[in-house]
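Reader: Hey, can you walk me through this one? I'd like to go over a helix first and then the ligand site.

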Amino acid sequence: MTTGARTFANQEVLDFYRALPFNYKASVDGAASAVRRQSTPYPVLVPYLGRGARVLDVGCGAGWHTHALAYHHGCSVTGIDYNPVAIARASAVADALSIDARYHVADLFLFVPDARFDMVLSIGVLHHTDDCVEGIRRVAGFVTERGHLLLGLYHAHGRRPFLEHFAAMKSRGASEAEMLAEYKRLHSALRDEVHVTSWFRDQVLHPHETQHTLREIVPVLEAQGMTLVSASTNNFAPFGSPQELYDLEPGFEDLARRRLTEGKYFPGFFVALFTRSR
Ligand SMILES: C[S@@+](CC[C@H](N)C(=O)[O-])C[C@H]1O[C@@H](n2cnc3c(N)ncnc32)[C@H](O)[C@@H]1O
């Protein structure tokens, strides 16, 4: 279902992902096999996922996260994305896996679910819209009472060295092929050629992204009745107050520079888990 609400969807971003969605494997079978081999990259979610838990993935792309949560954890999953190419692939892989999953072409700013969800994911999506903060408010509204939200965004400090690294290559006249080769050197875990190209485009050639901090987003979510549970910025360790996590944030720039020097992949991305407290 959709409403006539205002959208902050970015059309250039949609055109970019129509050409090749993010995290897109060469074949449906290859994508389904990868799901069978590996569960969610976010084990922090697992304690909150009872069998049949209702999960919504906002900006699900080709469906990586929801496939894993349905296949390995028995969740009932829904994914929305405004890119029909990604939704077609997400649905095809779900069929191949015979999982409890539904995928819809929808703009997150216009989508209105019939009921709220136990777990809402939005991983690497809202920083590609024209108003990330409005997007955060919107996805928070999809979470039921005592439900959870996992939000993934580029980090304002941690992302800078990666962007500067490729911007410097470009200004020295590097070709796209040379930048792809450099990306492959840093992110050597990806093997499938289509897959690595989809990541390279997403990480290096993207037409629009913004960067954020916990210091910025925690108050936005608190105003929506959500409380921070844990964050990747301290490896999901317990913390006393969010301020402890804010104090760590400027240090991610140095960490990202060190990782680049070591030839390690560090794209400057963070995730944070919130729960609805009211
Ligand atoms: C980097 S991809 C992430 C995909 C997926 N969350 C993942 O982690 O594999 C960003 C996704 O956000 C989607 N997206 C961006 N703006 C959107 C909007 N306004 N409504 C729905 N989807 C959107 C894009 O189509 C794209 O699939």
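**Helix and ligand site**

Author: Sure. On one side of H1, Gln11 and Ala19 are exposed. Keep in mind that this is a predicted model.

Reader: OK, and which residues of H1 are buried?

Author: Val13, Leu14, Phe16 and Tyr17, in a helix that runs over residues 11–19. Those four span an arc of only 160 degrees around the axis, so they sit on the same side of H1.

Reader: What do the buried residues of H1 pack against?

Author: Helix H8, residues 193–205.

Reader: And what caps the N-terminal end of H1?

Author: Asn10 does, with a side-chain oxygen 2.9 Å from the backbone nitrogen of Glu12.

Reader: Switching to the ligand. How many residues surround it, and which are closest?

Author: There are 21 around the ligand, with Gly59, His65, Asp81, Leu108 and Ile123 the closest. By type, the shell splits into 11 nonpolar, seven polar and three charged residues.

Reader: Which polar distances should I look at?

Author: His65 has a polar side-chain atom 3.0 Å from a ligand oxygen. In the side chain of Asp107, an N or O atom is 3.1 Å from a ligand nitrogen. Ile123 uses its backbone: an N or O atom there lies 2.9 Å from a nitrogen of the ligand.

Reader: How much of the ligand's area does the protein bury?

Author: 98% of the 590 Å² that the ligand exposes when taken alone.

Reader: Last one: is Val77 buried or exposed?

Author: Buried, because its relative accessibility is 0%. Val77 belongs to strand E2, residues 76–81, and its contacts include Val55, Leu69 and Tyr103.

Note on methods:
Residues numbered from 1 in each chain as written. Predicted model: local features only at pLDDT ≥ 70, side-chain atom pairs only at ≥ 80, totals over all residues. Heavy atoms only, no water. Buried < 20%, exposed > 50% of the residue type's maximum accessible area, 1.4 Å probe, protein only. Helix = DSSP H or I, 4+ residues; strand = E, 2+ residues; numbered from the N terminus. Arc of directions from axis to C-beta. Contact = heavy atoms within 4.5 Å. Polar contact = N/O pair within 3.5 Å; in protein donor to acceptor, adjacent residues only side chain to side chain. Near = heavy atom within 4 Å. Areas by Shrake-Rupley, 256 points an atom, 1.4 Å probe, with all protein chains shown as cover. Nonpolar A, V, L, I, M, F, W, Y, C, P; charged D, E, K, R; others polar. Lists of a residue's contacts leave out its neighbours within four places in sequence.
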